[in-house]
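Here's a model to walk through together. Keep the viewer open and follow along as we go from confidence to helices, rings and cysteines.

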Amino acid sequence: EKYAEVAVASDRYNPCALVNRGNVCFAKKEWEKAGEYYQEALQVEALCAEALFNLGLVNKKLRRSEEALACFHKLHSILRNNPQVVYQLANIYEMLDDVNNAIEWYMQLVSLVPTDPSMLARLGEIYEAMNDKSSAFQYNYESFRYFPSNMEVLSWLGAYYVDSQFSEKAVTYFERAAAIQPGEVKWQLMVASCYRKTGNYQQALQTYKHIHGRFPENVECLKFLVRLCTDMGLKDMHEYVTKLKKAEKAREQKEQRIQSGGGSRRGSGNRSASKSRNTSASSDGRGARGGMGSAGRGERGGTVQSDEDLLDAVSSQKRGIDASYSDPLGDLPPRPKTAAKSRKDREEDDDFGDEELGDDMLPE
């Protein structure tokens, strides 16, 4: 700032010195003052590109969209096909909700820098807002080709294929997202979900088991494991039901601790102080803890069940466990009936014991 002031003081009619002094004010977010220096620079040199560009940015910061457009249009006539100027024009039209002009300038920008993934993704977002899925897919896919690590584009492409009933193609994008963010469980769950939707239950089961190995407390993964094991008639179902109950209980306890963490800490401090002062208070505290312990044992005793009870709980969706699953391939064909007769049929066949036999039926 000191040297900028010295430059302006030494030559008041130097547009570069005025622009530099305005840049100092711009960096300090003094928009109005910066704009004055840029306008003064334009009075000295009407075609000063730096002053025009920065004045347009100042007007944009001050929400003077029409004045900003005038600056950038004038600059565009001076610097034809400059990507930075074209981007500012497209962005301002987008701020003004002038979608048609914004698309036109963005398309011109893409023709100047065809390998810019951010501009391609931006066009995809605009077409998505216009509900033009095909154009949105085109530009998002082009953005993915040039920058395959953009998480937003990966998520959009995966969701697009799922909505289009091509879940097997969505696996590629979700697997890439899982590789980029290995600590984020949602991408791996999406991969397993795609396998389920395509009917590849064995691969889905292996994927869920892998997720459970890395995220053993994830409730959603355990729910899907219970569903698949129940659907496929696997013995591991009982084990996952037990783990699911423990995980849900642990999550509830964690939420309760978060909600009442501060109050419980203050309460425990008060109980400790009263225990050191008064013996009767300590005995009351032991009684209270004993009551809480017995209640806790009763609660745990209520949740311990046999395998048959757990199987009934899964089938009837008790205790908040949603184990229902709709097979996308349809119901299995009914098993053919065997030659074995029911008890009722056997009783009907043997219902001649009370009838009298004629003499011709007796042995000689």
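We'll start with how far to trust the coordinates, then look at some local details.

This is a predicted model, so to speak of a local feature we need pLDDT of at least 70, and side-chain atom pairs count only at pLDDT 80 or more, while totals for chains, interfaces and linings use all residues. Residues are numbered from 1 along each chain as its sequence is written, and side-chain values use heavy atoms, with hydrogens and water left out.

First, confidence. pLDDT is the predictor's own confidence in each residue, on a scale from 0 to 100. The chain has a mean of 77, with 71% of its residues at 70 or more. Helices here are DSSP runs of H or I with at least four residues, numbered from the N terminus. Helix 9 (residues 133-146) has the highest confidence at 95, and helix 17 (residues 279-303) the lowest, with a mean of 37. Across residues 272-333 the pLDDT is below 50, and this stretch has 44 contacts in the model beyond near neighbours in sequence (a contact means heavy atoms within 4.5 Å). Residues 360-364 are also below 50, with 0 such contacts. Where pLDDT is low, the predicted coordinates should not be read in detail.

Now swing round to helix 13, residues 201-214. With 14 residues at 1.5 Å each, helix 13 should span 20 Å, and its end C-alpha atoms are indeed 20 Å apart; the expected span is 1.5 Å times one less than the number of residues. Its buried residues are Tyr201, Ala204, Leu205, Thr207, Tyr208, Ile211 and His212. They cover an arc of only 165° around the axis, which puts them on the same side of helix 13; the arc is taken from the directions between the helix axis and the C-beta atoms. Buried means under 20% relative accessible area, exposed over 50% and partly exposed in between, using a 1.4 Å probe and protein chains only. What covers these buried residues? The cover includes helix 12 (185-197), helix 14 (219-232) and helix 15 (236-259).

Next, the rings. The structure holds 13 aromatic pairs. Rings of Phe, Tyr and Trp (its six-membered ring) pair if their centres lie within 6.5 Å; planes under 30 degrees apart count as stacked, over 60 as edge-to-face, and the rest as tilted. Tyr127 and Tyr139 make a stacked pair, 5.7 Å centre to centre with 5° between the planes. Tyr127 sits in helix 8 (residues 117-129) and Tyr139 in helix 9, so the pair ties together parts 12 residues apart in sequence. Tyr127 is buried at 13% relative accessible area, and Tyr139 is buried at 10%.

Another stacked pair is Tyr161 with Tyr173, at 5.7 Å centre to centre and 15° between the planes. Here Tyr161 belongs to helix 10 (residues 151-163) and Tyr173 to helix 11 (residues 167-180), so parts 12 residues apart in sequence are tied together. Ring pairs also link Tyr161 and Tyr173 into a cluster with Phe137, Tyr141, Phe144, Trp156 and Tyr160.

Finally, the cysteines. How many disulfides are there? The count comes to 0, a disulfide being a pair of cysteine sulfur atoms within 2.5 Å. Cys71 counts as buried at 9% relative accessibility, and Cys229 is buried at 1%. Cys194, in helix 12, is buried at 2%. Leaving out residues up to four places away in sequence, Cys194 touches Val162, Ser167, Ala170, Val171 and Phe174. Cys194 and Phe174 are 20 residues apart in sequence and 9.2 Å apart in space, C-alpha to C-alpha.

Terms used: Helices (H or I, at least four residues) and strands (E, at least two) are DSSP runs, numbered from the N terminus.
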